[in-house]
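Here are a few exercises to work through with the model open. Try each task before you read its solution.

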Amino acid sequence: MLHTLRQSPFQCDITEILRYAQPGDDLLLIEDGVIAALNGSRALELLLSAPITVSALQEDVEARGLSAQIPSKIERVGYTDFVRLTIKHSQQFAW
């Protein structure tokens with residue numbers, strides 16, 4: 001399943017989101033969701049400990065001036081990759 005997180009981790013419950021994630025799922029951070037990938041944050045710690053692949057939309061990272069604050073453990077993807085993820089997963093869930 002592809003999960004997309006568009007809300008700031010301050011406006012949602014990352015722990016609850018991760019309860020729905022299964023091994024092999026992908027989570028794409030978009031819009032304010034990219035804030036969850038900030039270095040040193042509790043949200044990032046939770047995301048990296050989950051058995052899923054986490055990536056962030058590069059355009060949204062740049063738009064928020066966060067390029068230097070997102071660790072390399074979070075893959076940055078473009079819109080073409082976003083489309084590939086939607087094709088890869090027949091089921092999707094937006095948070």
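Keep in mind that this is a predicted model.

**Exercise 1.** Work out where Asp25 sits and what surrounds its side chain.

*Solution.* Start with the chain: Asp25 falls in the loop that links helix H1 (14-20) to strand E2 (26-29). Next, check burial and charge. Asp25 is buried but makes no salt bridge. The nearest side chain of opposite charge belongs to Lys88, 8.7 Å away, while a salt bridge needs the two groups within 4 Å. Now look for a polar partner: a polar atom of the Asp25 side chain lies 2.9 Å from the backbone nitrogen of Met1. Finish with the neighbours further off in sequence, setting aside residues up to four places away: Asp25 touches Met1, His3, Tyr20, Ile52, Thr53 and His89.

**Exercise 2.** Find which residues of the largest nonpolar core touch the most other members, then see which elements supply this core.

*Solution.* The core has 23 residues, and Leu5, Ile14, Leu29 and Leu47 touch the most other members. At least two residues come from each of H1, E2, helix H2 (42-49) and strand E3 (53-57). H2 gives the most, with four. Now zoom in on Leu47: beyond four places in sequence, its contacts are Ile14, Leu18, Leu27, Leu29, Ala36 and Val54. Another core, of seven residues, lies apart from the largest one and includes Leu2, Leu57, Val77 and Phe82.

**Exercise 3.** Is Arg19 buried or exposed?

*Solution.* Locate Arg19 in helix H1. Its relative accessible area is 58%, so Arg19 counts as exposed; the cut-off is over 50%. Its side chain also makes a polar contact of 2.5 Å with that of Glu16.

Notes: Residues numbered from 1 in each chain as written. Predicted model: local features only at pLDDT ≥ 70, side-chain atom pairs only at ≥ 80, totals over all residues. Heavy atoms only, no water. Buried < 20%, exposed > 50% of the residue type's maximum accessible area, 1.4 Å probe, protein only. Lys, Arg positive; Asp, Glu negative; His and termini not counted. Polar contact = N/O pair within 3.5 Å; in protein donor to acceptor, adjacent residues only side chain to side chain. Contact = heavy atoms within 4.5 Å. Core = buried A, V, L, I, M, F, W, Y, C linked by side-chain atoms within 4.5 Å.
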